[in-house]
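Grab a pencil and work through these exercises with the model open beside you. Each task comes with a solution that goes step by step.

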Amino acid sequence: MSRLVALLAVILLALPLRAQSPGPAAGSAPLKVQFQQFQLPNGLTVILHQDKTVPVATVNIWYHVGSANEKPGRTGFAHLFEHLMFEGSKHVKEGQFDTLLESAGAVNNASTSNDRTNYFIDVPVNGLDLALYLDSDRMGFLLDAMPPEQVNSQRDVVKNERRQSYENRPYGMASLEIDKMLWPMNHPYNWPVIGYMEDLTAATQSDVVEFFKKYYVPANASLVVAGDIDYDKARAQVEKWFSDVPAGKPVERVKAPAASLDAVRRATLTDKVSLPRLYLAWITPALYAPGDAALDVVSSVLAGGKNSRLYKRLVYDTQIAQDVSAYQASAALGSSFQIIATARPGHTASEMQKAIDEELEKLRTSLPELREVQRAINQVEAAFYRRMERVSSKADQLNAYLFAGKSPDWFAQDLARYTSLTPADTQAALVRWLPAGQRVELIVEPEAKR
């Protein structure tokens, strides 16, 4: 049966789902996610997970390619393909991808990071075959329907997105400047995920085709199918649609040079904004490395809600800032910890920095209170279980653990990284990874009024 004939049968099956009786009520099950894992002859790794809570399924594909796989002078390709992958393939005409899924009651999207690109389709379970068909066709046959004019069109879309999200957005260029200040020029996190304008302009059709052929192959991807599925039937569906996708060549994982800061790096930008904003940033441990989870807790102690230390000091007590946040931006080749504060009218970045440094020093010299750490852990645990309640986010996490070299069912171990932390662990992480003399300090000031 040809792919086109098979598609007609799939579309007929993907009609709106009739009302069904709900599955068994979810009890207080242990933190264990059952799965089946196998690999197709072409190298595609597949994970199946059954969750019969509601009659839906999700198809979640991770291509192990992000901006870190790019090279200087040719940046932005991974994000460009996030757009191109929705524009049609050999057996799916342009515009038909979304139309078919919407008719089946499905939603779909994608995202690109430094390390990976993920594509997901959430669909009523009777539309699973359609979702698998569409994803397999763009994996195996995208280049058959990717003329230069289509690349140019999406290239312009990405350029406009860069203008809207960075160049013309208040404080938008700050994150790009911080990455350049944090990471060495030869580190793959030095350039932005969205790429540079000049690189997007200079990219040729052959550059783009070469990038796809190298990275968008079954051996460089992992597929999770989760939801109200039958294991044997789902495996047969995956084999039916993905087995004819050409294998491609193996892809080596990105290796990054060591990155560290040995002093304070300062810079000031001006922007069309009304208020000064302060950014403090440090290089910190990679995702899942020792210290990574503790720094998540540090961020919560500092700025996780109105009772946190920085919020209380800057926003409530002294009222020198109108907002403050802190977070551990975890990634595969290294992470960054950032504190961001926006001044109130009449106040300066220097005032905020002085107050922030005083609060950091308090935590370096005195243990955080147990209630502060426990509150942060409780927030992490609640968010963790909320993610597990949704089959789409659970599928994405299965893929994330696999990508990181863990078992797909690493949920219990992941949560234990947080629940085992003590106030002493939290303080030790701050002392080790957030020194006052080894960081980036960036201030965004309003442009001078004419």
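**Exercise 1: a helix and an open sheet**

Helix α11 (residues 309–317) lies across β9 and β10 (335–343), and its direction makes an angle of about 160 degrees with β9. Keep in mind that this is a predicted model.

Task: work out in what order the 5 strands of the open sheet are arranged, and which strands stand at the edges.

Solution.
- Step 1: Trace the open sheet across its 5 strands, and you get the order β7-β11-β8-β10-β9, with mixed pairing.
- Step 2: Look at the two ends. β7 (265–271) and β9 (321–329) each have a single partner strand, so one side of each has no neighbour in the sheet.
- Step 3: Check the twist, which averages 15 degrees from one strand to the next.
- Step 4: Zoom in on β7 and its pairing with strand β11 (residues 440–446), which is parallel and spans 7 bridges. To find your place there, look for Thr268, which sits opposite Ile443 in β11.

**Exercise 2: the strand with two antiparallel partners**

Task: decide whether strand β5 (residues 117–124) is largely enclosed or left open by the rest of the structure, then describe how β3 and β4 join it.

Solution.
- Step 1: Count buried residues, taking under 20% relative accessible area as the cut-off. In β5, 7 of the 8 residues pass, so the strand is largely enclosed by the rest of the structure.
- Step 2: Take strand β3 (residues 56–63), which runs antiparallel to β5 and is joined to it by 8 bridges. One pair to look for is Tyr63 with its bridge partner Thr117 in β5.
- Step 3: Now take strand β4 (residues 107–112), also antiparallel to β5, with 6 bridges between them. Here Val107 has Asp122 of β5 as its bridge partner.
- Step 4: Follow the chain from β4 to β5: the two form a hairpin, with 4 residues between them.

**Exercise 3: another hairpin**

Task: find which residue takes a positive phi in the hairpin of β1 and β2.

Solution.
- Step 1: Locate strand β1 (residues 36–39) and strand β2 (residues 45–50), an antiparallel pair joined by 4 bridges.
- Step 2: Pick out Gln39, whose bridge partner in β2 is Thr45.
- Step 3: Scan the 5 residues between the strands, and you'll land on Gly43, with a positive phi near 100 degrees.

**Exercise 4: an acid without a salt bridge**

Task: work out what the side chain of Asp199 contacts, given that Asp199 is buried yet has no salt bridge.

Solution.
- Step 1: Place the residue: Asp199 belongs to helix α7 (residues 197–202).
- Step 2: Try the nearest side chain of opposite charge. That's Arg74, 5.3 Å away, while a salt bridge needs the charged atoms within 4 Å.
- Step 3: Look for a polar contact instead, and you'll find one of 2.6 Å between the side chains of Asp199 and Thr75.
- Step 4: List the neighbours. Leaving out residues up to four places away in sequence, Asp199 touches Gly73, Arg74 and Thr75.

**Exercise 5: two residues to place**

Task: say how accessible Thr422 and Glu210 are, and how far each lies from a given residue elsewhere in the chain.

Solution.
- Step 1: Thr422 sits in the loop between α15 (411–419) and α16 (423–433). With a relative accessible area of 32%, Thr422 counts as partly exposed.
- Step 2: Ala294 is 128 residues from Thr422 along the chain, yet their C-alpha atoms are separated by 9.0 Å.
- Step 3: Glu210 is in helix α8 (residues 205–215). Its relative accessible area is 52%, so Glu210 is exposed.
- Step 4: Glu210 and Gln379 are 169 residues apart in sequence, and their C-alpha atoms are 44 Å apart.

Technical notes:
Residues numbered from 1 in each chain as written. Predicted model: local features only at pLDDT ≥ 70, side-chain atom pairs only at ≥ 80, totals over all residues. Heavy atoms only, no water. Buried < 20%, exposed > 50% of the residue type's maximum accessible area, 1.4 Å probe, protein only. Pairing = 2+ DSSP bridges. Lys, Arg positive; Asp, Glu negative; His and termini not counted. Polar contact = N/O pair within 3.5 Å; in protein donor to acceptor, adjacent residues only side chain to side chain. Contact = heavy atoms within 4.5 Å. Axes fitted to C-alpha atoms, helices over the stretch in contact; angles between N-to-C directions.
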